[in-house]
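Reader: I'd like a close look at one single spot here, and then how that spot sits in the whole. Could you walk me through it in one go?

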Amino acid sequence: LLLDEKSYLFLSAAHALSPDGRCRTFDEKANGFVPGEGVGCVLLKPLGQAMADGDHVYAVIDGSAINNDGHTLGVTTPGVEGQVDVIERAWKKAGTPLSTVSYVEAHGTGTMIGDPIELRALARAFATDPPAHCAIGSVKTNVGHLLSAAGIASFIKVALALHHRTLPPTLHCDQVNPRFEFDRTPFFPLVEARPWKAQSSVRRAGISGFGFLKTN
């Protein structure tokens, strides 16, 4: 919850906020993000236990990883090496081929520095076993940047997309920024809803999430 002006003053000083009130992830007019408020909760169980209990399973977590970028150029400037490392370790733990990933939920804040760095890291991490065509999007265009709750918002979005077998659109991406060079990556920005078709008999996604203190 944003209960006083301190967060806005800090983010404004860091030139992180969109002056027109739109989070335009991947768009050439991207100029920052919009803060939002939110809370999310999920119930995690070992898969065998959930099935034995008769629970409705929305998603299965194959693997995860966490690290820290250390020193970078600024609070809104992530590091490519740290992101590549955390993605590679997450997929190593998962034991699943990257080529089976058909969607990536990006951190995607709509900033001119962070988003290109994130895509560069994803492209490098996926280079060894790239999917044929992988959609990419960001829930921040729908609900804003929920700050401490941003990661759980991304997680719930992907779980619900799996449940409904539908990939929801990323909003406000009217003209893709050529700086991203999507044609040199396996990714394409998803700007309209579409059925989520299984890739190699499975629907699998990756989720990127970063914190202000350089945690990936």
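Author: Let's go straight to Asp 20, which has a relative accessible area of 38% in this predicted model. That makes Asp 20 partly exposed, because the value falls between the 20% limit for buried and the 50% limit for exposed. As for where Asp 20 sits, look in the loop that runs between helix H1 (6-13) and helix H2 (47-52).

Its side chain has a couple of partners worth clicking on. One is the backbone nitrogen of Arg 22, which the side chain of Asp 20 reaches at 3.3 Å. Another is the side chain of Arg 24, with which the Asp 20 side chain makes a polar contact, at 3.3 Å. If you want a long-range ruler, take Asp 85: 65 residues separate Asp 20 from Asp 85 in sequence, and their C-alpha atoms are 34 Å apart.

Now zoom out. The C-alpha atoms fill a box of roughly 50 × 40 × 35 Å along the principal axes. The radius of gyration is 17 Å, which agrees with the value near 17 Å for a compact globule of 216 residues. Of those 216 residues, 44% are buried.

The fold has six helices and six strands, in the order α-α-α-β-α-β-α-α-β-β-β-β. Of the contacts between residues at least 6 apart in sequence, 77% join residues at least 24 apart.

On the charge side, there are 20 positive and 21 negative side chains, and the centres of these two sets lie 3 Å apart. The protein exposes about 11,600 Å², with carbon and sulfur atoms supplying 56% of that area.

Key. Residues numbered from 1 in each chain as written. Predicted model: local features only at pLDDT ≥ 70, side-chain atom pairs only at ≥ 80, totals over all residues. Heavy atoms only, no water. Helix = DSSP H or I, 4+ residues; strand = E, 2+ residues; numbered from the N terminus. Rg over C-alpha atoms; globule rule 2.2 N^0.38 Å. Buried < 20%, exposed > 50% of the residue type's maximum accessible area, 1.4 Å probe, protein only. Contact = heavy atoms within 4.5 Å. Areas by Shrake-Rupley, 256 points an atom, 1.4 Å probe, with all protein chains shown as cover. Lys, Arg positive; Asp, Glu negative; His and termini not counted. Charge placed at Lys NZ, Arg CZ, Asp CG, Glu CD. Polar contact = N/O pair within 3.5 Å; in protein donor to acceptor, adjacent residues only side chain to side chain.
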